[in-house]
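User: Could you take me through the empty spaces in this model and explain the labels as we go?

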Amino acid sequence: MRSTFKQLFYINRQKMKKNGKCPIMGRITIDGKACQYSTSYEIDPCLWNPSTGRAFASGKILEVLTPEEKMDIKRLNTQLDDLMAKGEEAYKRNLAGIGYVSAEVIKNAILDTDSQKDGLLELLADYNDEYKKRIGIDRCAASFQKFKRTLPILRDFIVIKYDRDDISVKELDYQFMVDFDFYLSTTLRMVPSTVNGFIARLHLIVRQAVKKKIIRRDPFAGFKYHKVKPNHHYLTMENLHKMMALELNTYRLCHTRDLFVFSCFTGIGRADLANLKESDIKTNKDGSQWIHIARQKTDTDCVIPLLDIPRRIIEKYKGEGKDGHVFFVPTTTCICKTLKMIEKQGNFNQHLRYYDARHTFATQVCLSNNVPIESISKMLGHTHIETTQIYAEITMQKQREDMQKLADSLDECFEDSEKRFIDAPYKVADKS
């Protein structure tokens, strides 16, 4: 239903100035809700025509005025007409653009006090500033770096594609996302998973603009992300033994290897390992120790048994963590570089990444040792067990073990029947 929109001007006789003039006020009414504002103009109340909402343009009352005063009256009416036209244009623009309009919005547009930004890069920069302030509260620094990197890449794309410094979100359409996707994939040679990340961050900013009612709808609705087949890497049991037995000659290599092995036996990722405190380790009445943490990514409670190997690693580095933390954990970049050095030194037949330790815990340590999938899901801190079913892939070793158990069970169950079945004489049916 279309809104009812009205504008009028009137003079405030209650605030007559010492020069005998009254301020001219504007009133905007939309769907019965009114908003007043000062036009910053003033007039002698004798010269004001309340029926037209303007100064008298003709009549005997103007005969006593000088030509200059008549010109001022004409100029005043023109200025009021301009304010009226400005309000009309703002009303149509907002109604067509976001489907929502209020008297306050029109007033701000008339007075040029509408500070709502609609530039895509402006909105992204503001979002990054707010995000940075929330780091350590409910946001992490690593995610902030991804949004920070998105800004210059998006800016370069807008300059190359449109030869402009920025583009209004009101101008965005489905083709913009298609072109940006193509730019990331071809010009920057990004892999599909990386492209999806940039697309998702751009889409988030646009959805924020919809929520703020800067635009009426999501121009990217229905855009298809690249399908990326999940490929969960983990250490084979052979490589896990090799990793643990590897002789390393520097503290940096040993420290990173030990943290990696710790995660292989606990399933804790690097970020959660960096946050792990001594107070997170609880001892039960039976003497067993458990790690109780809330996973940073999902804020889900994780309860993990502290096995002998990770317990020894804690004892080995006891006192190195600061402010009650169990370990000193280097940055992700530093750990990745060190793992590459370990990979080269140990002649591993696979690329080592720290997240592989989490997969190794799920597959080799837990699933291959018959730990129920529900327990694995709880220890990994997944919100849905379906995630664990994808995450913790069943290894070929586990499949062989399961099928061997099935074969042994069937041999035992059908031992007598099988013998009689095999030894039974073969008879040819009489075709006559």
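Analyst: Happy to. In sorting lining residues, Asp, Glu, Lys and Arg count as charged, while Ala, Val, Leu, Ile, Met, Phe, Trp, Tyr, Cys and Pro count as nonpolar and the others as polar. The model is predicted, and the lining of its second largest pocket has 6 nonpolar, 1 polar and 6 charged residues.

User: What makes Lys-21, Glu-42, Ile-43, Asp-72 and Ile-73 stand out among the residues lining the second largest pocket?

Analyst: Of the 13 lining residues, those five lie nearest the centre of the pocket. Lys, Glu and Asp count as charged and Ile as nonpolar, so Lys-21, Glu-42 and Asp-72 are charged, and Ile-43 and Ile-73 nonpolar. Helix 1 gives the largest share of this lining, 6 residues, and the pocket has a volume of about 300 Å³.

User: Why is the space lined by Gly-267, Cys-302 and Arg-358, among others, called a cavity?

Analyst: A cavity is a set of points where a 1.4 Å probe fits but cannot get out, whereas a pocket is open. The space with Gly-267, Cys-302 and Arg-358 in its lining is the largest cavity, so the probe cannot leave it. Its volume is about 30 Å³. Strand 8 and helix 13 each supply at least two of its lining residues.

User: How do you know which helix gives the most to the lining of the largest pocket?

Analyst: By its contribution: helix 4 gives 6 residues, the most. About 2,000 Å³ of space lies in that pocket, and its lining divides into 13 nonpolar, 16 polar and 12 charged residues.

Conventions:
Residues numbered from 1 in each chain as written. Predicted model: local features only at pLDDT ≥ 70, side-chain atom pairs only at ≥ 80, totals over all residues. Heavy atoms only, no water. 1 Å grid on protein atoms, 1.4 Å probe; cavity = no way out; pocket = protein on both sides within 12 Å on 5 of 7 lines; lining within 4 Å. Points joined across faces, edges and corners; volume = space filled by probe spheres on them. Helix = DSSP H or I, 4+ residues; strand = E, 2+ residues; numbered from the N terminus.
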